[in-house]
Amino acid sequence: MRISPPRLWPAAAILAAVALLPSGFTALTARAAESGCRVDYTVNEWTGGYTAQVKITNLGPSLTGWRLSWTYTGDQQVTSAWNATVTQSGRSATAVNTSWNGALATGGTADFGVQGTWRTSDPAPTDFALNGVPCGGTSTPPPTTPPPTTPPPTTPPPSADCGSAVLCSGFEDQTGPTPSGAWRFTAPDCQGTGTAAVDTAVAHSGSRSLRVDGKAGYCNHAFVAATADLSSVGPVMYVRMWVRHTTALPAAHVTFVSMPDSSQGGRSLRVGGQNGALQWNRETDDATLPAQSPAGVAMSRPLPTGSWQCVRFAIDTSAPKLDTWLGDEQVPGLHADGVPTQDIDQQWLARTTPPRPTALRLGWESYGTGDDTLWFDDVAVGTAPIAC
């Protein structure tokens with residue numbers, strides 16, 4: 001991933017150079033400001049495609065409706081949008097408010113997003129105009145290193161050390177090829193041809209990891225379950241793991257983390273993928289987070305292949321809330337804050353009973369198609385945030 005930190009620039013300024021990260025995505029943040037308006041344009045880019053989250057701040061008189069326009073300097077093509085109606089003619093794009101977010105007081109903000117494609121280049125636009133008035137300003141040099149990610153205000157800063165975590169494992173205690181001791185192979189519901197083993201050839205740290213060869217086919221389960229009892233971890237359960245996998249998440253539903261949930265009578269709270277992007281799934285009612293609409297999926301992220309990825313999540317056991325991070329990036333589509341958001345968590349919040357995970361299982365479960373080989377390492381579960 002290449003990341004450039006937020007910066008200010010005038011309409012003619014050029015996007016800052018980006019720094020390289022290992023995930024295969026590029027996250028670019030652009031900001032334009034003047035006395036009348038400010039626009040924050042944050043891009044998550046992959047080969048041939050992108051999503052952009054756009055935030056408008058009105059610094060002028062109150063508005064009863066807004067129209068934001070900009071020009072792409074690359075060959076981007078908008079394919080969908082949420083929280084605004086977005087049209088494109090050539091390189092010129094225009095976003096118009098919906099019926100419910102048109103009022104914009106002085107100092108007020110409005111957010112919307114777009115998804116699109118590109119072939120040769122995807123630079124962030126710089127010539128934003130709000131209701132025909134250009135946004136501009138003076139530029140400031142970016143810091144030499146990306147600023148640290150700030151956790152949510154109610155969350156204490158994470159520590160990379162497991163500390164007092166209930167579960168902290170790099171699988172270095174495993175002495176043979178078959179998971180044993182604190183980890184046991186299991187196939188909840190039914191067993192197929194998937195296998196699991198302790199791998200000494202691939203590891204995120206140390207000399208061992210957990211390898212799962214997951215196979216396609218309904219009810220083909222292969223998991224390794226931690227024997228640690230997690231039923232009293234809370235009120236917020238924090239989970240951190242490093243995952244490496246081989247095949248891109250398919251269009252069909254798959255799971256690689258399964259947690260028995262006492263609030264569902266022992267059925268699972270699951271982390272996996274669908275439509276090529278990460279998602280949460282609740283076994284009881286098959287609810288997903290985000291909603292599997294184009295706009296909802298665009299607010300999630302793929303799980304990059306061929307490299308170790310840090311996946312973190314926080315599960316509130318006292319309220320139907322949870323958060324998810326891929327590396328240090330909070331994934332917007334995998335965030336449930338108790339307030340329904342269109343295309344994200346409306347379906348998820350239809351069930352108001354808080355989750356209560358009791359155990360952790362790592363592996364592979366396919367619901368039709370999709371083989372994958374995965375490795376897990378440096379897994380931790382505790383009552384305080386655990387950094388990558």
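This dialogue walks through the aromatic pairs, the charges over rings and the disulfides of a predicted model.

Reader: I would like to begin with the rings, so how many aromatic pairs does the structure hold?

Author: The structure holds eight aromatic pairs. One of them is formed by Y50 and Y72, whose rings lie 6.4 Å apart from centre to centre, with 70° between the planes.

Reader: How should I read that angle, and which kind of pair do Y50 and Y72 form?

Author: The general idea is that planes over 60 degrees apart count as edge-to-face. With 70° between the planes, Y50 and Y72 are an edge-to-face pair.

Reader: Where along the chain do Y50 and Y72 lie?

Author: Y50 belongs to strand β5, which covers residues 49-58, while Y72 sits in the loop between β6 and β7, so the pair links distant parts of the chain, 22 residues apart.

Reader: Are these two tyrosines buried or exposed?

Author: The general idea is that a residue counts as buried when its relative accessible area is under 20%. Y50 is buried at 0%, and Y72 is buried as well, at 1%.

Reader: What does a tilted pair look like, taking F171 and W183 as the case?

Author: Rings count as tilted when the angle between their planes is neither under 30 degrees nor over 60. F171 and W183 have 45° between their planes, and their ring centres are 4.9 Å apart. This pair, too, links distant parts of the chain, with F171 in the loop between β13 and β14, W183 in strand β14, and their positions twelve residues apart in the count. F171 is buried, with a relative accessible area of 2%, and W183 is buried with a value of 1%.

Reader: Which residues form an aromatic cluster?

Author: One aromatic cluster is made up of Y41, Y50, W66, W70, Y72, F112 and F128, and Y50 and Y72 are the residues of the edge-to-face pair described above.

Reader: Which arginines lie over the face of a tryptophan?

Author: The feature to look for is a charged group placed above the face of a ring. R282 lies over the face of W348, at 4.5 Å from the ring centre, and R312 lies over the face of W325, at 4.9 Å from the ring centre.

Reader: Now I turn to the cysteines, and I ask how many disulfides there are.

Author: The count comes to three disulfides. In reading each of them, we can look at the sulfur atoms, then at the torsion about the bond, and then at the places of the two cysteines. C37 is joined to C135, with an S to S distance of 2.0 Å, and the torsion of about -125° makes this disulfide left-handed. C37 lies in strand β4 and C135 in the loop between β12 and β13, so the disulfide ties together parts that are 98 residues apart in sequence. Both cysteines are buried.

Reader: What is the handedness of the link between C162 and C168?

Author: The torsion about their S-S bond is about 80°, so this disulfide is right-handed, and the sulfur atoms are 2.1 Å apart. C162 counts as buried at 13% relative accessibility, whereas C168 is partly exposed at 46%.

Reader: Which parts does the disulfide of C310 and C388 tie together?

Author: C310 lies in strand β23 and C388 in the segment after β27, so parts 78 residues apart in sequence are tied together. The S to S distance is 2.0 Å, and with -90° about the S-S bond the link is left-handed. C310 is buried at 3%, while C388 is partly exposed at 32%.

Conventions:
Residues are numbered from 1 along each chain as its sequence is written. This is a predicted model: local features need pLDDT of at least 70, side-chain atom pairs count only at pLDDT 80 or more; totals for chains, interfaces and linings use all residues. Side-chain values use heavy atoms; hydrogens and water are left out. Rings of Phe, Tyr and Trp (its six-membered ring) pair if their centres lie within 6.5 Å; planes under 30 degrees apart count as stacked, over 60 as edge-to-face and the rest as tilted. Helices (H or I, at least four residues) and strands (E, at least two) are DSSP runs, numbered from the N terminus. Buried means under 20% relative accessible area, exposed over 50%, partly exposed in between (1.4 Å probe, protein chains only). A charge sits over a ring if NZ of Lys or CZ of Arg is within 6 Å of the ring centre and within 35 degrees of the ring normal. A disulfide is a pair of cysteine sulfur atoms within 2.5 Å.
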